[in-house]
Amino acid sequence: MRVVPKPDKSTPLLEADGKTVSQAWDEYGQVPIWNDTTKIYVPGTSAVPLSVLPERYRSRASSASAYQDIIHRSFDLAGVASPASAGSKAVVAPAVPRTAPPAPTNEIVNAASRVSDVAPEAVQVPRAFASDNMAVQRTAQGIRNIPVVGDAIPRATGEMADQLGGAVNSIASHYGEGSGPNVANRIRNTIGGAAERETQAAKAAADSSDAAVLADWERAHTGARDAITGAETNALEAARRSVGDMSPQDMGATLIARLRQGEREAHATKERLYGVAANSDGAINANAVRGIRNDVTRSLDEQGLIVDPQLTPAASRMVTELDNISNLNIPNRVARPTSMAQGDVETAAVSMQGLEQTRKRLNALSQAASNDADRRAARHVIRAYDDWLGNAFDNALFSGSDEALQAYRQARAANTDWRQRFGFNARDDADRIVNRIVTGEVTPQEASNYIVGASKVGAKGVSSRLLTRLAEATGNDPEALQAIRGGVWNRLSQATEGTAAKPAAKVADDIGEFLNGSGRDVANRLFTPEQQGVMRAYAETLRRGGQARETLAEAAKNSKPGASSPQVGQMEELANAVLGKGGKSDEALFNAIDNYAKSGSRADVKTLADIVRNIPEQSRGDLAGAIIRKLGQSKQTNDFSLDTFATQWNDYTPQAKAVLFGNAGPHRQALDDIAAISQRYKDIGKRFGNPSGTAQNVNFAATGAWVFASPYTAIPSLLGGAVAAKMLAAPAGAASLSKWGRAYAAAQAAPTPPRLVAFQIASRNLSNTASSFGGNISSSQLMQLIQSPSKAAADDEQPNVPGRVSQ
């Protein structure tokens, strides 16, 4: 039992009264004196006999006496001592000498004793809780419903629960520290790391074995592939030696250089010859010269060429130049007449110098052409001028020496050759391509595409015609023709630079199409039969090589050794089972381990044992401590609950408890003892009240049943639990309630007019008394209770009763 100090005079007599011991006795003229024998305050020598005291004082004195007895009985059953004065030596309740009940010595007490050995403070079990005597249990059950004093038993039970909760935390700390998720994180790192190391070692062994087997397989197949590649390489080299090999880009650049060089040489030749002719004594009839413009513009119309100052400015200025010569407006180049009429000058002919000067001026003007239409028109003006000049010679319109005529004819022949070889006559698409090449309007790649085609070599007719023009332009130059052959072969056998390599079958098909199909004409003009035979041999080698590769690939596919799977080790199996391949959060992992301990499955117990066996000793203790630490934690309040501990402890299988907490030792035994005490509370302890802070309100709400008999339980509901408790604890309040109860019982039994009047007066007095205690209930509300019990019960169940005070 607990020992408490002696109270002083300022100690409240009743917890809900608010009056100290001194105030309470002074109220009826007494001087309180502490009695060391009885251990209670008693009236002094000036005490007035109770019989002469007013009713309320007698009631209070009787109440105090009754309370003293009840307090002692409550303390006895709760296993605690009555109060003693502060500063004096400790004294032990009860108020009057009595024989203390024997200390319980049953298993619950023994269990509490063992728990106390490992707990931070002793675990004190209330006598009523520990006793197996039914009478003792019933007595405690009845006393705990008495306001204020009845709280001793629930309070003692609550203190026991707090002590056991502290013991659980202490035991948990003995095993280890850390929250469940933190412990789970360390377990994850341990098991996961071990599994990773085990897996890496197994994988390294498997990889080493696989590498050796694969090396043997690759050596066998590499030799076969090399043989196929060697045959193809030999065939390609033979073809290159025979026909050459030049990238299309280089081929285009070579041809452009060769054509432009030839064009410059031919142009220089004809210009030199025209210079010789211009310095001769030859001349053209003036009448023929006057028709130059008409002849040229007629030729333009026949070709559908339009000369416009805005669209073809260069050609337009050239026509203006023809206007000048047609009007014989050639400064310093008009020959003097051989005979003149009096007062008149007649122009007989235009010298070759004047005509050559006009041709040069036309050539100079043509250089300014900046678009295709202007260039076409300018070229045609020059060609029409040369044609007119040639016709003048052919039609005997020329006059001069034989040497002058011969010089002009040589110059004209050189001009014709220059124009025809280099595409200035624009006879067809091949002429126009050659002319674009020599005038600098194409790139090497474009020139290559013109000659060998952008896709199929020789597939278009222009390729054959262009080949003819190129041979004419270069004079069948061997270097130019070899460049063309090398470019054609490169395009057939190789992919365009910067693109993916062509499959061997595609190369063979392209060669066959060129030699036997759409490119046959070009092939026969460029390559000799022997060269074509070498090309066919290479294509056939590629086809056979392709077939051999397919056969080899199929064999390799069927025989290639695959990677062997590393053997799954014990730690990897454990990690897969516990951690999961997808991973779990720390909290989810801890819950999973906790569930292994609860499931009862042999497989889960084995998994739990494997976890514990494969983690460090400290982690084992931390895991056990984390699981113990959460035992008994109420989900609603997050406080320690004996009821919850009993339920949760029973969830764990004996095997799991042995794995986690061991089979022996004081701390392991303490866990079983706490479980036994918790189960005891779960079975009978609830009879003695709620050990939480709600006990006070529960006891006050039950006071109506202690003072009054049913049906007076409506009073606490109407007044509120706190007000009802104050009234019951105070003499004035208790007397008012008692009188009202008697009036109520009389009126309810026989509602005669006098009894109803008496009940009305009692109701008014109770209303006034309740207001002094903070209550708010009208006499009319109390009068309404005189009705049938069913009606009263119905009214009491209404959610909003006027004047009701919330608790």
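A residue is termed buried when its relative accessible area is under 20%, exposed when it is over 50%, and partly exposed in between (1.4 Å probe, protein chains only). By this criterion serine 316 is buried, because its relative accessible area is 16%.

The structure is a predicted model, in which local features need pLDDT of at least 70 and side-chain atom pairs count only at pLDDT 80 or more, while totals for chains, interfaces and linings use all residues. Residues are numbered from 1 along each chain as its sequence is written, and side-chain values use heavy atoms, with hydrogens and water left out.

**Overall composition**

The protein contains 36 helices and 5 strands; these are DSSP runs numbered from the N terminus, with at least four residues for a helix (H or I) and at least two for a strand (E). Of its 807 residues, 44% are buried. The exposed area is about 39,700 Å², of which carbon and sulfur atoms supply 51%, as computed by the Shrake-Rupley method with a 1.4 Å probe. Contact denotes heavy atoms within 4.5 Å. Among contacts between residues at least 6 apart in sequence, 74% join residues at least 24 apart.

**Surroundings of serine 316**

Serine 316 belongs to helix H11 (residues 313-326). Apart from neighbours within four places in sequence, serine 316 is in contact with Val307, Asp308 and Pro309.

**The sheet and helix H12**

Three strands form an open sheet in the order E4-E3-E5, with antiparallel pairing; the edge strands, E4 and E5, each pair on one side only. Two strands count as paired if DSSP finds at least two bridges between them. E3 and E4 are joined over 3 bridges, and alanine 283 has serine 351 in E4 as its bridge partner.

| Strand | Residues |
|---|---|
| E3 | 283-285 |
| E4 | 349-351 |
| E5 | 398-399 |

Helix H12 (residues 352-366) lies across E3, E4 and E5 and runs at about 65° to E4.

**Packing of H8 and H18**

Two packed helices are described by the angle between their axes and the distance between the axes. For helix H8 (residues 248-278) and helix H18 (residues 478-493), the angle is about 160° and the axes are 8 Å apart. Axes are lines fitted to C-alpha atoms, for helices over the stretch in contact, with angles from 0 to 180 degrees between N-to-C directions. H8 and H18 are therefore roughly antiparallel, a term for angles over 145 degrees. Residues of H8 at this interface include Met251 and Leu255, and those of H18 include Ala483 and Ile484.

Conventions. Angles under 35 degrees count as roughly parallel, over 145 as roughly antiparallel, 65 to 115 as roughly perpendicular and the rest as oblique.
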